[in-house]
Amino acid sequence: MCAAMKADLCDRSQYSVLRNSSVISVRMWASDHSDNDSQRWIPIIGSMPDNPGVATTAGFACCATRTTAACPVTETNGVCMLSINNTGANFSAASTDCTSQGGYICSISQSAVLRGAGILTSSVNWTGSGSDNDNNSVSVGVGNGPDDPVPTAVFGYACCR
């Protein structure tokens with residue numbers, strides 16, 4: 001359904017803004033499969049199970065993806081990065097900041113590009129999927145982040161479009 005609208009399932013950062021604005025109230029499928037990581041993400045995706053099966057029933061929202069190649073700022077190695085915050089914020093504040101700029105928290109892959117370019121330098125950074133480092137398997141994009149981080153942790157982040 002989302003692909004037909006040239007969109008994708010919203011990610012956790014987009015759901016954070018929607019839930020804080022009381023737009024959604026049920027458990028939601030997110031673009032990262034909605035793994036609730038020991039129930040730490042209930043405030044954002046709702047009461048999804050840890051490691052949900054594809055038959056799990058949940059709501060969803062479609063969020064627009066970039067529909068044009070035009071980026072309002074100079075791209076960094078193909079990533080349309082609006083801003084960097086290497087000092088950090090909690091997940092909700094980072095989500096709200098990026099949304100206010102007309103963007104979203106960068107994905108793990110976008111963050112990996114920015115880390116490789118030496119721009120995203122915080123020791124740990126938020127990504128749109130919540131920065132679950134899954135036993136250090138995605139350190140290239142999240143830095144030295146923990147497995148199953150709590151959304152109240154303060155990490156750096158980058159805003160993308």
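**Disulfides and a buried threonine**

Guide: In this predicted model, Cys10 and Cys63 form a disulfide, with their sulfur atoms 2.0 Å apart.

Visitor: Why is the pair of Cys10 and Cys63 called a disulfide?

Guide: The sulfur atoms of Cys10 and Cys63 are 2.0 Å apart, and a disulfide is a pair of cysteine sulfur atoms within 2.5 Å, so the pair of Cys10 and Cys63 meets the definition. The link is right-handed, with 85 degrees about the S-S bond. It connects distant parts of the chain, since Cys10 sits in the loop between β1 (7–9) and α1 (12–20) while Cys63 belongs to strand β2 (residues 62–64), 53 residues apart. Both Cys10 and Cys63 are buried.

Visitor: How many disulfides does a search of the whole structure find?

Guide: The search of the whole structure finds four disulfides, and among them is the one that joins Cys98 to Cys159, with an S to S distance of 2.0 Å.

Visitor: What makes the disulfide of Cys98 and Cys159 left-handed or right-handed?

Guide: The torsion about the S-S bond of Cys98 and Cys159 is about -75 degrees, and therefore this disulfide is left-handed. Here too the pair links distant parts of the chain, with Cys98 in helix α3 (residues 91–100) and Cys159 in strand β5 (residues 155–160), 61 residues apart.

Visitor: How do you know whether Cys98 is buried or exposed?

Guide: Cys98 has a relative accessible area of 0%, and buried means under 20%, so Cys98 is buried. For Cys159 the relative accessible area is 0%, and therefore Cys159 is buried by that cut-off.

Visitor: Why is the pair of Cys106 and Cys160 called a disulfide?

Guide: The sulfur atoms of Cys106 and Cys160 are 1.9 Å apart, which is within the 2.5 Å cut-off, so this pair counts as a disulfide. Cys106 lies in the loop between β4 (104–105) and α4 (108–116), whereas Cys160 is in strand β5, so the pair ties together parts that are 54 residues apart in sequence. The link of Cys106 and Cys160 is right-handed, with 90 degrees about the S-S bond, and both cysteines are buried.

Visitor: Why does Thr76 count as buried or exposed?

Guide: Thr76, placed in the loop between β2 and β3 (81–89), has 13% relative accessibility, and because this falls under the 20% cut-off, Thr76 is buried. Apart from its neighbours within four places in sequence, Thr76 is in contact with Met81, Val113, Leu114, Ala117 and Ile119.

How values were computed: Residues numbered from 1 in each chain as written. Predicted model: local features only at pLDDT ≥ 70, side-chain atom pairs only at ≥ 80, totals over all residues. Heavy atoms only, no water. Helix = DSSP H or I, 4+ residues; strand = E, 2+ residues; numbered from the N terminus. Buried < 20%, exposed > 50% of the residue type's maximum accessible area, 1.4 Å probe, protein only. Contact = heavy atoms within 4.5 Å.
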